[in-house]
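Reader: Please give me a close look at one part of this entry, taking the contacts in order and stating each cut-off as you go. I would rather have one connected account than a list.

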Protein chains: 2
Amino acid sequence: MDRDKAWTVEAVAERLGVTPRTLHYYEEKGLIPEVPRTPGGHRVYDEDTIERIEHILRLKEALGYSLQEIRSILDTEDRLKTYRTRIAEGQEPEHNVEMLADAVRLLENVVRHIDEKMTRLAAMREQYSDRLARIRARLQREEAAHRAVDASNGESE
Amino acid sequence: MDRDKAWTVEAVAERLGVTPRTLHYYEEKGLIPEVPRTPGGHRVYDEDTIERIEHILRLKEALGYSLQEIRSILDTEDRLKTYRTRIAEGQEPEHNVEMLADAVRLLENVVRHIDEKMTRLAAMREQYSDRLARIRARLQREEAAHRAVDASNGESE
DNA sequence: CCATAACCTAACGTTGACGTTAGTTTCCGA
DNA sequence: TCGGAAACTAACGTCAACGTTAGGTTATGG
């Protein structure tokens, strides 16, 4: 496919619903690796980087993590990726047990965080949808009453 | 019960896991009504207010709303409450149809917002727990290998 | 009753996550 | 090839949501 299509900042920004400044900022803060440049110095984004940014935005918007927290999550994920490629290359990386244990701890925290969030959301969703149902019913009745008044007004003219 | 227990700022702050400054700030921004005072001017919180603040914190932390957005949600809920008490007092409030229609719209938005959030969270939860399971398995194997090395080292001594 | 812990207001400070502007340089389609 | 659109860097600005400090007042347990 066109996974190796070259994207400009503006194109990426529009696709992701952010501004170029945000993309620069994420690069500046090390959330994405330094983006390759044209000879003239313009950034050229590839699909992998864009998906990484989408991931960042999900962590931010859905989970409410700060960019710092996101960075440490991404760092862990990057370490796991390095580990996997080393394995795939037939190497036997060192410090793997500690590294994996760290990763497990962090991912457990993320999953727990998500679970807590979903639990709270479910409770609030129930509360609000119940309330909404009751108000809708109330509105139906009020509208009926309103129409009745209009009708009798119409008759009297 | 002791629903009419009097709480000091610090007690409330500790119970809710925030600072006194936050409580003052919410009052200043009109998220909670002016808190009653002792003759000397110290704030005295009651259970209702504390629960309102808990509600605010949930809207903020779980749903990610800004304090401004929360304010408009609370305003709508307050209008509904006023409406209910008017009805309970046998009055027939005016502008009820528009008011209820507005409330329905706002609550629909809230519920939709929650649903979108839960959908995204569910997807991320699956992604992360799958990943976690794989890394746990990998860690098991690494630990086994590690123990095997230790054991043979022990033998050779 | 008094020491000291807790509270008050007012005001300025901080931090994260970008927005904005300025001055310059590069890209690219007619 | 060339002119306007788009990108670049650097730096300062902004805004929400509190944090912090100062200087003074009130509450309360021994």
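Author: A polar contact is a pair of N or O atoms within 3.5 Å; within protein, one atom must be able to donate a hydrogen and the other to accept it, and residues adjacent in sequence count only if both atoms are side-chain atoms. This is a predicted model, in which local features need pLDDT of at least 70 and side-chain atom pairs count only at pLDDT 80 or more, while totals for chains, interfaces and linings use all residues. Residues are numbered from 1 along each chain as its sequence is written, chains are lettered from A and ligands numbered from 1 in the order in which they are written, and side-chain values use heavy atoms, with hydrogens and water left out.

The part to look at is chain B, beginning with DNA strand D. A polar side-chain atom of B:Thr19 lies 2.6 Å from a phosphate oxygen of DNA strand D, and B:Thr38 likewise places a polar side-chain atom 2.8 Å from a phosphate oxygen of that strand. The side chain of B:Tyr26 has an N or O atom that is 2.8 Å from a phosphate oxygen of DNA strand D. Two or more residues of the surface near this strand come from each of helix 1 (9–16) and helix 2 (20–28) of chain A and helix 2 (20–28) and helix 4 of chain B, where helices are DSSP runs of H or I with at least four residues, numbered from the N terminus. Helix 2 of chain B gives the most, with 4 residues.

In total, 21 residues surround DNA strand D, and B:Thr19 and B:Thr38 are among the closest, together with A:Thr8, A:Glu10 and A:Arg43; a residue is near the strand if one of its heavy atoms lies within 4 Å of it. By class, this surface has 4 nonpolar, 11 polar and 6 charged residues, where Ala, Val, Leu, Ile, Met, Phe, Trp, Tyr, Cys and Pro count as nonpolar, Asp, Glu, Lys and Arg as charged, and the others, Gly among them, as polar. Of the strand atoms within 4 Å of the protein, 79% belong to sugar or phosphate, and the rest to bases.

We turn now to the side of chain B that faces its partner chain. Here 43 residues of chain B are in contact with 43 residues of chain A, contact meaning heavy atoms within 4.5 Å. The two chains bury about 4,200 Å² between them, 71% of it on carbon and sulfur atoms; buried area is the accessible area (1.4 Å probe) that two parts lose on being put together, summed over both. B:Leu121, B:Met124 and B:Tyr128 supply 16% of the area that chain B buries against chain A, more than any other three residues.

Between the chains there are 4 salt bridges, each being a side-chain nitrogen of Lys or Arg within 4 Å of a carboxyl oxygen of Asp or Glu. B:Arg125 forms a salt bridge with A:Asp115, and their closest N and O atoms are 2.5 Å apart. The rule for polar contacts finds 14 residue pairs across this interface, both residues at pLDDT 80 or more. Helix 3 (47–61), helix 4 (67–88) and helix 5 (96–156) of chain B each supply at least two residues of the side that touches chain A, and helix 5 of chain B gives the most, with 31 residues. The residues on that side of chain B divide into 24 nonpolar, 5 polar and 14 charged.
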